[in-house]
Amino acid sequence: AAHFWAGDAAPVQLSSTATGSSNGHDGKSGVWRAVFASPSRQKSEPFVWSGMADAERKVDHGVEDSYNPSNRSTQTWDLNFLKVDTDKAFTVAQQHGGKQLLEKEPQLGVNYLLDYSALTNQLRWHVTYGGNPSMGRLTVLVDASTGEFIHKE
């Protein structure tokens, strides 16, 4: 859908939202939001995928926004660097504090955020237990190219 919007569309960010029917455990989620940017058009646009096995699957477009290719916090990244999916990131996060949280609260939602850090030159999964990356109880960062633990917050 993003390439129909702009031929040079490249990902900026990918995030999930835990829901009642999909709590994010095991790296699965029923709602994903991707932001793509077009350097040639200097525009970005969000796309939201939703659907589970028992619901209609669809992709919705958001509203175009301006995009500055020189802004380091919203740099695009190459999909070829994404070698580790959320199931592996979840496994690593479980080994770094997540397992203990889910043992206490089995229904605690887990959200995922994939972004690129220009500072460290890393594509990273943020695995967040109970909320979003800025408000969760625990966020574990995992390298999305190697699957290695980076740190926890």
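**Figure 1. The largest nonpolar core of the predicted model and its best-connected members.** In this predicted model, the largest nonpolar core holds 19 residues, of which Tyr112, Trp125, Val127 and Tyr129 touch the most other members. A nonpolar core is a set of buried Ala, Val, Leu, Ile, Met, Phe, Trp, Tyr and Cys residues joined through side-chain atoms within 4.5 Å, where buried means under 20% relative accessible area, exposed over 50%, and partly exposed in between (1.4 Å probe, protein chains only). Helix 2, strand 6, strand 7 and strand 8 each give two or more residues to this core, and the largest share, five residues, comes from helix 2. Helices (H or I, at least four residues) and strands (E, at least two) are DSSP runs, numbered from the N terminus. Apart from this core lies another one, of seven residues, among them Ala2, Ala6, Ala9 and Ala34. In soluble globular proteins, nonpolar side chains tend to be buried together.

Residues are numbered from 1 along each chain as its sequence is written. Because the model is predicted, local features need pLDDT of at least 70 and side-chain atom pairs count only at pLDDT 80 or more, while totals for chains, interfaces and linings use all residues; side-chain values use heavy atoms, with hydrogens and water left out.

**Figure 2. The surroundings of Tyr129 and of Phe149.** Leaving aside neighbours within four places in sequence, Tyr129 is in contact (heavy atoms within 4.5 Å) with several residues, including Phe90, Ala93, Leu101, Leu108, Val110 and Leu138. Phe149 lies in strand 9, residues 149-152, and is partly exposed, with a relative accessible area of 33%. With neighbours within four places again left aside, Phe149 is in contact with Val92, His96, Val140 and Leu141. The C-alpha atoms of Phe149 and Val92 are separated by 6.6 Å, although these two residues are 57 residues apart along the chain.

**Figure 3. The three salt bridges found in the whole structure.** A salt bridge is a side-chain nitrogen of Lys or Arg within 4 Å of a carboxyl oxygen of Asp or Glu. Arg41 forms one with Glu64, and the closest N and O atoms are 2.7 Å apart. Arg41 lies in the loop between strand 2 (31-38) and strand 3 (43-50), and Glu64 in the loop between strand 4 (58-61) and strand 5 (65-66), so the pair ties together parts that are 23 residues apart in sequence. Arg41 is partly exposed at 38% relative accessibility, and Glu64 is partly exposed at 32%. The side chains of Glu105 and Arg137 meet in another salt bridge (2.1 Å, N to O). This pair links distant parts of the chain, with Glu105 in the loop between helix 2 (86-104) and strand 6, Arg137 in the loop between strand 7 (122-129) and strand 8 (138-143), and their positions 32 residues apart. Arg124 forms a salt bridge with Asp115, the closest N and O atoms being 3.1 Å apart, and both residues of this pair are buried.

**Figure 4. The lining of the largest pocket.** A pocket is an open set of points on a 1 Å grid over the protein atoms alone, where a 1.4 Å probe fits, with protein on both sides within 12 Å along at least five of seven lines; lining residues have an atom within 4 Å of a point. The lining of the largest pocket comprises 15 residues, of which Val12, Gln13, Ser73, Thr74 and Gln75 lie nearest its centre. Strand 6 gives the largest share of this lining, three residues.
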